[in-house]
Amino acid sequence: MREKIKPIAKEARNLTRRQFAAKSAKLATAASIASLIPTWLFSDATTAQRVTIRTDQEIGVIRPELHGHFAEHLGSCVYGGLWVGKNSPIPNTNGYRKQAIEYLRDLGIPVLRWPGGCFADDYHWRDGIGAPSQRPKRVNIHWGGYLEDNSFGTHEFIELCKLIGAEPYLAGNMGSGSPEEMRDWIEYCNHPGGSTLSDARAANGSSDPFRVKYWGVGNESWGCGGNMRPEEYAAEYRRFSTYLRTFGGTKPFLVASGPNGNDSEWSRGLMTGFRRNNPDGLSMHYYSGGKDPALNFSAANMDDQLSSFARIEQAVIQQRALLDGYDGGRRVGLFLDEWGVWDHILPEDEARYGKLWQQSTMRSAVAAGLGLNLFNRQADKLYMCNIAQIVNVLQSLLLTDSPQGEHCVRTTTYHAFMLFKAHRAKTSVRVETQTSAPLDLSASASKSDGQLVVSFVNPRHDADLQIDCRIQGGTAQAGTAQILHDADANAYNSFDAPNRLTPQSHPIQVGSAGIQLNLPRLSIVTATFRTV
Ligand code: AHR
């Protein structure tokens, strides 16, 4: 429908109803013309949307790991972001930035992947253990050639995970490493004691094994992880996995390097090449590129970026179906190991704050909401999803004002994740909306113990939505809602105004006919209520 009336739409979209009426007065009476034009064409339009939640149609449990995170030795993510060092004037807990730890603890970080990314395939774990002053200095060849002093290594990472309550996920080096090196890392982390490697861990401060479950076997092996062909990677994977064993009772969950986006040729090549030595997980990476710098997005480029989430949902469905063709019992979990908006990065921001530093705006929050909604809807197909990255890189949850700066703000993306926290570990249920257009209402719902949680995202910058939501299989009782919203897509939390965008309470009407609420343009709302 939008396509057919494009010539009118183009002009009218930039006008309010009143401006359009005034312009039209020469042709006919303003009222008669305006009443012929669909309301969504106007920048003050409101559209009604009917939604049905089918609490009797269960999709699957929303694994908390779908809200996972990723930290790479890149820019100021680790150094200056999470880790400032014990002697820093920045308030810290044992070297970890105190404010960042507190914010991450509040949110709850189910899982944290480290040390890369591309960095992982050039990382040698032995560089990062022992007395920090004795650790070798290396050049980070992927991210700007800075001198990596390895002061943040395996022990520091595990300690960070303990501080924030996250499950550690280590990405092993296949590209420039060997099966022996990775096998030894697992023994070092997980063997209880008595072997030379586990005794070295004890001498370095931890007699308790780390019991690390998740292990990535290479990263983006089709690119920065070795530029391999699928059959080459599959052969390497078979060789590596032969030696990656259970130590101390912790069976490693091995995650193979999956496709770039929805690349089925890579996935098919791998699943054939594994010759039934299947991994436990397959890691897909899917970024949502953006043509503009984060704070200056045009409406068209924002629509372009946000519409990628419909393709990500397709990719999840299609990749899962492909895997099911080889693995009917779904023993290979589908990971979306890296996702998020990747905007046009400004060199001046990189110079000041670190490589791939980007602000997070209302648009970014909407993108996060679209992602988290689709994870709920596809909860039966996804095992883990990790947004890139946790601090100061790409679509971050936290930003600091420089590696040396004391300020640490929670971004709009942090608040979007907070609005979805209530879904974790609940059972996702089917939601029907009137349209499945990529840039229209997005919704998901989950239930447990008589509680229903519903999230709505309005990705439109030109229309508010009036939601009339029916619940099938239950009756809603009193509930509450929270909203994250700004009509300005480029609004953000700055170091001067760190709380410009935070979740606010939002009115909803709850009755026997369901729930009704207003969903303003560019907003995320999560409503929680009891059902009987
Ligand atoms: O997240 C930044 C980079 O993006 C990662 O290092 C790599 O895996 C991906 O290409």
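Trainee: What phi does arginine 275 take just after H9?

Mentor: Good place to start! This is a predicted model, in which local features need pLDDT of at least 70, side-chain atom pairs count only at pLDDT 80 or more, and totals for chains, interfaces and linings use all residues. Residues are numbered from 1 along each chain as its sequence is written, while side-chain values use heavy atoms, without hydrogens and water. Just past helix H9 (a DSSP run of H or I, at least four residues, numbered from the N terminus), arginine 275 has a positive phi of about 45°.

Trainee: How wide an arc do the buried residues of H9 cover around the axis?

Mentor: Buried means under 20% relative accessible area and exposed over 50%, with partly exposed in between (1.4 Å probe, protein chains only). In H9, residues 264-273, the buried ones are Trp266, Ser267, Leu270, Met271 and Gly273. They sit on the same side of H9 because their arc, taken from the directions from the helix axis to the C-beta atoms, is only 165°.

Trainee: Which residues are exposed on the other side of H9?

Mentor: Turn the helix around, away from the buried residues Trp266, Ser267, Leu270, Met271 and Gly273. There you find Glu265 and Thr272.

Trainee: How much of the ligand's exposed area does the protein bury?

Mentor: Look at the contacts beforehand: a side-chain N or O atom of glutamate 220 is 2.8 Å from a ligand oxygen, and a polar side-chain atom of asparagine 219 is 3.1 Å from a ligand oxygen. Accessible areas come from the Shrake-Rupley method with a 1.4 Å probe. Alone, the ligand exposes 280 Å², and the protein buries 93%.

How values were computed
A polar contact is a pair of N or O atoms within 3.5 Å; within protein, one must be able to donate a hydrogen and the other to accept it, and residues adjacent in sequence count only if both atoms are side-chain atoms. Helices (H or I, at least four residues) and strands (E, at least two) are DSSP runs, numbered from the N terminus.
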